[in-house]
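Reader: Could you walk me through one part of this structure up close? I'd like to follow a single helix and see what sits around it.

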Amino acid sequence: MMVGNLLIVDDEEDVLGVVSEYLSTLGYGVVAVESGREAVAHLASDARFDVAVIDWTLPDVGGRELIQVIRARQPSCRVIVTTGHGAEVVNETNAGLFDGTIVRKPFTMRTLSMRVAMLLEKPRAER
């Protein structure tokens with residue numbers, strides 16, 4: 001497994017806690033935040049992220065806007081979108097913004113960690 005720095009963004013405190021704790025135990029560097037606004041602040045800092053795991057429906061800065069910030073500030077950061085809604089919410093129009101990785105809630109930690117590892121192991125040309 002390739003170790004990387006992850007940004008986890010979810011407004012559900014329980015989900016955020018479990019996901020960040022699990023991924024930390026796997027050796028990833030994890031920054032966990034409860035809002036899109038907090039995520040934007042971290043993206044504007046010197047922190048560098050390899051993968052961002054973001055909830056599509058955040059109450060302040062939504063998934064689409066947050067992905068646009070990620071693309072502008074850290075274009076090499078890969079994005080995994082989590083959603084409790086169907087994939088139709090994250091439709092074809094938005095799919096070009098991220099790496100096409102949607103994880104439906106509720107998800108297992110195994111599923112999420114496999115998606116993170118898959119993105120980290122992809123050669124640069126495939127991203």
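Author: Here is a look at helix 2 and its surroundings.

First, the ground rules: this is a predicted model, where local features need pLDDT of at least 70, side-chain atom pairs count only at pLDDT 80 or more, and totals for chains, interfaces and linings use all residues. Residues are numbered from 1 along each chain as its sequence is written, and side-chain values use heavy atoms, leaving out hydrogens and water.

Helices (H or I, at least four residues) and strands (E, at least two) are DSSP runs, numbered from the N terminus. Helix 2 covers residues 36-44. Gly36, Ala39 and Leu43 in this helix are buried, where buried means under 20% relative accessible area and exposed means over 50%, with partly exposed in between (1.4 Å probe, protein chains only). Those three span an arc of only 55° around the axis, so they sit on the same side of helix 2; the arc is taken from the directions from the helix axis to the C-beta atoms. That fits a handy rule: an α-helix has 3.6 residues a turn, so residues three or four places apart point the same way. Flip to the other side of helix 2 and you'll find Arg37 and Ala44 exposed.

So what does the covering? The cover over the buried residues of helix 2 includes strand 1 (5-9), strand 2 (29-33) and helix 3.

Take helix 3 (residues 63-73): helix 2 packs against it at an angle of about 0°, with the axes 10 Å apart. Axes here are lines fitted to C-alpha atoms, for helices over the stretch in contact, and angles run from 0 to 180 degrees between N-to-C directions. The two helices are therefore roughly parallel to each other, a label for angles under 35 degrees. Helix 2 brings Gly36, Ala39, Val40, Leu43 and Ala44 to the contact, and helix 3 brings Leu66, Val69, Ile70 and Arg73; contact means heavy atoms within 4.5 Å.

Now the strands. Strand 1 is mostly covered, with four of its five residues buried. Strand 1 and strand 2 run parallel, joined by five bridges, and Val9 has Val33 of strand 2 as its bridge partner. Two strands count as paired if DSSP finds at least two bridges between them. Both belong to an open sheet of five strands in the order 2-1-3-4-5, with parallel pairing. Strand 2 and strand 5 (101-104) are at the edges with a single partner strand each, so one side of each has no neighbour in the sheet.

Definitions and conventions. Parallel < 35°, antiparallel > 145°, perpendicular 65-115°, else oblique.
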